[in-house]
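Visitor: I would like a close look at a single part of this structure. Please take one sheet and go through it strand by strand, then say what lies around it.

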Amino acid sequence: MNHSIKSGLQLLAASFIILFLTLVTPTHSFSQTAAPTALPQPGYYVLQLGDIQIIALSDGTAALDFTKLLSNIAPEKRDRLFKENYLTSSVENSVNAFLIKADGKLILVDAGTADAFGPTLGKLAASLNNAGYRPEQIDAVLLTHLHPDHVGGLTDGDKIVFPNATIYVSKPEAAYWLSEDNKRKAPKSAQFYFETAIQKIAPYQKAGKLVTFDYGTELFPGITPMATPGHTPGHSSYIVERKGQKLLFWGDLVHAAAVQFSDPGAYMGFDSDPKAGAEQRKKAYADAARNGYWIAADHISFPGIGHLRADGSKYVWIPANYSVYPPIK
Ligand SMILES: [Zn+2]
């Protein structure tokens with residue numbers, strides 16, 4: 001090795017050591033760094049599925065008291081299942097949305113809460129930005145249902161957040177929540193749900209950007225909606241099949257993963273029809289475990305992507321193995 005290269009390498013090595021020491025040595029100024037101004041949250045997670053990518057986007061988390069929300073399960077069993085999962089019955093529940101990047105299009109599945117439920121939620125826009133996308137790049141939003149934690153992010157005040165997107169909702173879901181008549185007849189406690197759905201969808205509807213669909217026909221290549229009513233009257237799941245790989249967007253088929261994978265029959269208080277919700281859950285679990293495809297769910301701990309394995313009458317959630325994928329077009 002020639003002398004000048006050798007001394008150059010020695011110099012480089014020495015500067016790396018100095019840089020390393022600078023990075024790991026605590027200094028006085030470091031301890032005086034101001035506290036972060038943003039709430040820490042996970043942001044985004046990428047899964048490669050055949051020739052497309054599914055990007056989980058965190059909208060944040062909110063504490064839910066499941067002693068009030070779960071029923072059709074003995075309280076002792078409920079508490080034991082939370083304990084076995086190193087949780088209490090008050091759980092930080094994730095709100096996830098997902099971005100499908102396919103064929104040069106960006107398709108969002110659900111739109112987060114915006115400001116409906118306090119400062120630990122409403123992070124979807126930040127997560128989208130962190131993933132490298134802007135709201136105006138979104139071509140379509142597929143909604144699993146019209147609850148506030150799924151439609152909240154569609155507007156900011158009266159302003160459309162996704163100006164170039166068409167919104168997709170199932171016909172029964174739109175008919176139920178967008179009906180002024182249903183709103184009038186609904187109990188006071190449900191008024192907020194109707195008001196939010198109408199308020200968030202209206203600007204898109206006015207702009208001619210709302211599509212209500214029938215089940216069974218492809219909306220985009222390899223993307224087909226499937227009826228899973230129970231949580232809401234027109235709740236939809238979305239099947240994505242590309243190059244032999246399959247993923248199913250579950251929406252809100254499960255909320256309390258720690259309990260409802262062991263006991264799918266446990267009812268959820270947010271379900272319009274908890275019995276039908278439980279039936280859909282059992283059907284969805286059995287099919288996912290039998291066929292081994294990917295699941296993406298809005299309220300399973302972020303990123304909410306994984307597989308399901310049957311274990312006797314129970315199910316075990318297997319979160320996706322963490323991998324870093326190169327970007328696709
Ligand atoms: Zn939800």
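Guide: What follows is about one sheet, and after that about a core, a helix and the confidence of the model. The model is predicted.

The sheet is an open one made of 6 strands, and their order is S11-S12-S13-S15-S16-S17. The pairing in it is mixed. Strand S11 (223-227) and strand S17 (314-319) stand at the edges, and each has a single partner strand, so one side of each has no neighbour in the sheet. From one strand to the next, the twist averages 35°.

At one of these edges, S11 pairs with strand S12 (residues 236-242) in the antiparallel sense, over 5 bridges. Within this pair, Pro-225 stands opposite Tyr-238 in S12. A helix also packs on the sheet: helix H11 (residues 274-291) touches strand S13 (245-251), strand S15 (294-297), strand S16 (305-311) and S17. The direction of H11 makes about 95° with that of S16.

Next comes the nonpolar core. The largest one has 74 residues, and those with the most contacts inside it are Phe-98, Val-141 and Ala-296. Strand S4 (residues 90-102) supplies the largest share of this core, 6 residues. Leaving aside residues up to four places away in sequence, Phe-98 touches Ile-54, Ile-55, Ala-56, Leu-57, Val-109, Phe-249 and Ala-296. In soluble globular proteins, nonpolar side chains tend to be buried together.

Helix H4 (residues 75-84) can be read by its two sides. Arg-78, Leu-81 and Phe-82 are buried in H4. These residues cover an arc of only 100° around the axis, and therefore lie on the same side of H4. An α-helix has 3.6 residues a turn, so residues three or four places apart point the same way. Glu-76, Lys-83 and Glu-84, on the other side of H4, are exposed. The buried residues of H4 are covered by elements including strand S3 (70-71) and helix H10 (257-260). After H4 comes Tyr-86, with a positive phi near 60°.

Last, the confidence. The mean pLDDT of the chain is 89, and 87% of its residues reach 70 or more. Over residues 1-31, however, pLDDT stays under 50, and the model has 2 contacts beyond four places in sequence for them. Where pLDDT is low, the predicted coordinates should not be read in detail.

Note on methods: Residues numbered from 1 in each chain as written. Predicted model: local features only at pLDDT ≥ 70, side-chain atom pairs only at ≥ 80, totals over all residues. Core = buried A, V, L, I, M, F, W, Y, C linked by C-beta atoms within 7 Å. Buried ≥ 20, exposed ≤ 12 C-beta atoms within 10 Å, placed from the backbone. Helix = DSSP H or I, 4+ residues; strand = E, 2+ residues; numbered from the N terminus. Contact = placed C-beta atoms within 7 Å. Pairing = 2+ DSSP bridges. Axes fitted to C-alpha atoms, helices over the stretch in contact; angles between N-to-C directions. Arc of directions from axis to C-beta. pLDDT = per-residue confidence, 0-100.
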